[in-house]
Amino acid sequence: MNRPLVLAGAGHAHLVTLRRWIDIGFRPPPGTLLINPTPAAWYSGMMPGLLAGRFDAADCAIELAPLCHACGIELQLGQLSMLDADQRILQLTDGSQSSFALLSLNTGSIPPLPDSVDDSVRVLPAKPFPALHEAWKTWHQHVETAPTSIAVLGGGPAAFELALAVRASLPSTEVTLICASSLLATHPSALRDRACRLLEQRGIQLIEQQSVSRVADGQLFNGAQPLLRCEAVIAATGASAPAWLRDSGLEVDGGGFARISPSLLSTSHSGIFASGDCASLAGALRSGVYAVRQGSFLADNIINLLQRQPMRDYQPQPQALALLASADGGALMSYGRWSASGRVLGWWKDRLDIGFMKRHRLG
Ligand SMILES: Cc1cc2nc3c(=O)[nH]c(=O)nc-3n(C[C@H](O)[C@H](O)[C@H](O)COP(=O)(O)OP(=O)(O)OC[C@H]3O[C@@H](n4cnc5c(N)ncnc54)[C@H](O)[C@@H]3O)c2cc1C
């Protein structure tokens, strides 16, 4: 079927786009489609709180059908597995194909896994969330099935928050956080010191400067060097691009992410937008904060393209506020070279997250 506009992935940027279109009363062309694997979009900022037992699943997900209905958009549950940017055709994992005039990609990213993994250890990427959430739910509800030891891989805020969350909800499980470089390496050293103290207080072992490349016989290895025995791994190792994006014909960067201009359009193909984690633009970091900011530019630029109006240019913010949940209602904060921690910051983070959910949830 030929579609005037396809929105692929219900990421943060597309949620903001749909909300903005509803607010200004814009209706995209009839036949516009949103494709997403699940009927609800998970909000990553609240996932650690969900695993810490501070939120219910329903608090952390936004149903897509009401948003689509309000915009007059069709919702298709599915997952893109092939994109031919030259022919303007996409294919889903169920084999169905659509052609499109305009396409907007907001499909997020996947944490990279160790190069070699046998089945002796359960390895769960932090995304997609539903699989991690299902595993955690079983462990939490049937404690006898919970792993006795879990390693969380990654050195950024997501890995730090997940390690604290797992520790809080599975108190009998040993938790180790393994970072390929230093913990929170891009944040101020004062934040890093606070984070290290908190890990120690909570009994979480921290291993830095070790990259887990192999999982075999119940052990994690850095090359040939054994690092740790454990029963499960949660990988919050940053962002990698899916193979279909690398092979799409779109211009991509060295990591396989779609190169875009400040208008959020592909640098190689007119009429194809990309935003959030799946896109590559100098200065734009792969975090929800940047994806959300891009959303309002995307909403306007899709309209501008349809109405042949000049495009708005998105300038990545030079720095962003980071609020890291400490799994007990508190949070750590960094902004530029400033850092702080405490319960007020946790309250503030909750207000921001719950505010986002309220604004984007309809019905
Ligand atoms: C545990 C955790 C906590 C985090 N906390 C924060 C935080 O507090 N603040 C912050 O700024 N960032 C946070 N991040 C980073 C943040 O999740 C990402 O940077 C952000 O989600 C990127 O948004 P996005 O718009 O690119 O797409 P996403 O929000 O990742 O959404 C992508 C959507 O596309 C769908 N999709 C994926 N593949 C396909 C496909 N092939 N076809 C169709 N649909 C597809 C997915 O199911 C999903 O609905 C966190 C990350 C993790 C792992």
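**Exercise 1. The surroundings of the ligand**

Find which of the 29 residues around the ligand in this predicted model come nearest to the ligand, and describe the shell that these residues form.

*Solution.* Begin with the nearest residues, which, of the 29 around the ligand, are His-12, Ser-44, Asn-106, Asp-277 and Gly-288. Next, look for polar atoms that face one another: an N or O atom in the side chain of Ser-44 is 2.6 Å from an oxygen atom of the ligand, and an N or O atom in the side chain of Asn-106 is 2.8 Å from an oxygen atom of the ligand. With Asp-277 the atom belongs to the backbone, where an N or O atom lies 2.7 Å from an oxygen atom of the ligand. Then consider the cover: the ligand on its own has 1000 Å² of accessible area, and the protein covers 84% of this area. The elements that give two or more residues to the shell are H1, strand E2 (33-36), helix H5 (157-169) and helix H8 (288-306), and the largest share, three residues, comes from H8. Finally, sort the shell by class, which gives eleven nonpolar, 14 polar and four charged residues.

**Exercise 2. Two helices that pack**

Determine how helix H1 and helix H9 are oriented to each other, and name the residues that make their contact.

*Solution.* Recall that two packed helices are described by the angle between their axes and the distance between the axes. Helix H1 spans residues 12-24 and helix H9 spans residues 343-360, and the two pack at an angle of about 50°, with axes 10 Å apart. Angles under 35 degrees would count as roughly parallel and those from 65 to 115 as roughly perpendicular, and H1 and H9 are therefore oblique to each other. On the side of H1 the contact is made by Leu-15, Val-16, Arg-19 and Asp-23, while H9 brings Phe-356, Arg-359 and His-360. By class, the residues of this contact divide into three nonpolar, one polar and three charged.

**Exercise 3. Backbone geometry in loops**

Describe the peptide bond from Lys-127 to Pro-128 and the phi of Leu-264, and place Pro-128 and Leu-264 in the chain.

*Solution.* Start from the general expectation that most residues other than glycine have a negative phi, and that most peptide bonds are trans. The bond from Lys-127 to Pro-128 is cis, with omega near -5°, and Pro-128 is found in the loop between strand E10 (122-125) and helix H4 (129-141). Turning to Leu-264, its phi is near 75°, a positive value in a residue other than glycine, and this leucine lies in the loop between strand E18 (258-259) and strand E19 (272-274).

Notes. Residues numbered from 1 in each chain as written. Predicted model: local features only at pLDDT ≥ 70, side-chain atom pairs only at ≥ 80, totals over all residues. Heavy atoms only, no water. Axes fitted to C-alpha atoms, helices over the stretch in contact; angles between N-to-C directions. Helix = DSSP H or I, 4+ residues; strand = E, 2+ residues; numbered from the N terminus. Parallel < 35°, antiparallel > 145°, perpendicular 65-115°, else oblique. Contact = heavy atoms within 4.5 Å. Nonpolar A, V, L, I, M, F, W, Y, C, P; charged D, E, K, R; others polar. Near = heavy atom within 4 Å. Polar contact = N/O pair within 3.5 Å; in protein donor to acceptor, adjacent residues only side chain to side chain. Areas by Shrake-Rupley, 256 points an atom, 1.4 Å probe, with all protein chains shown as cover.
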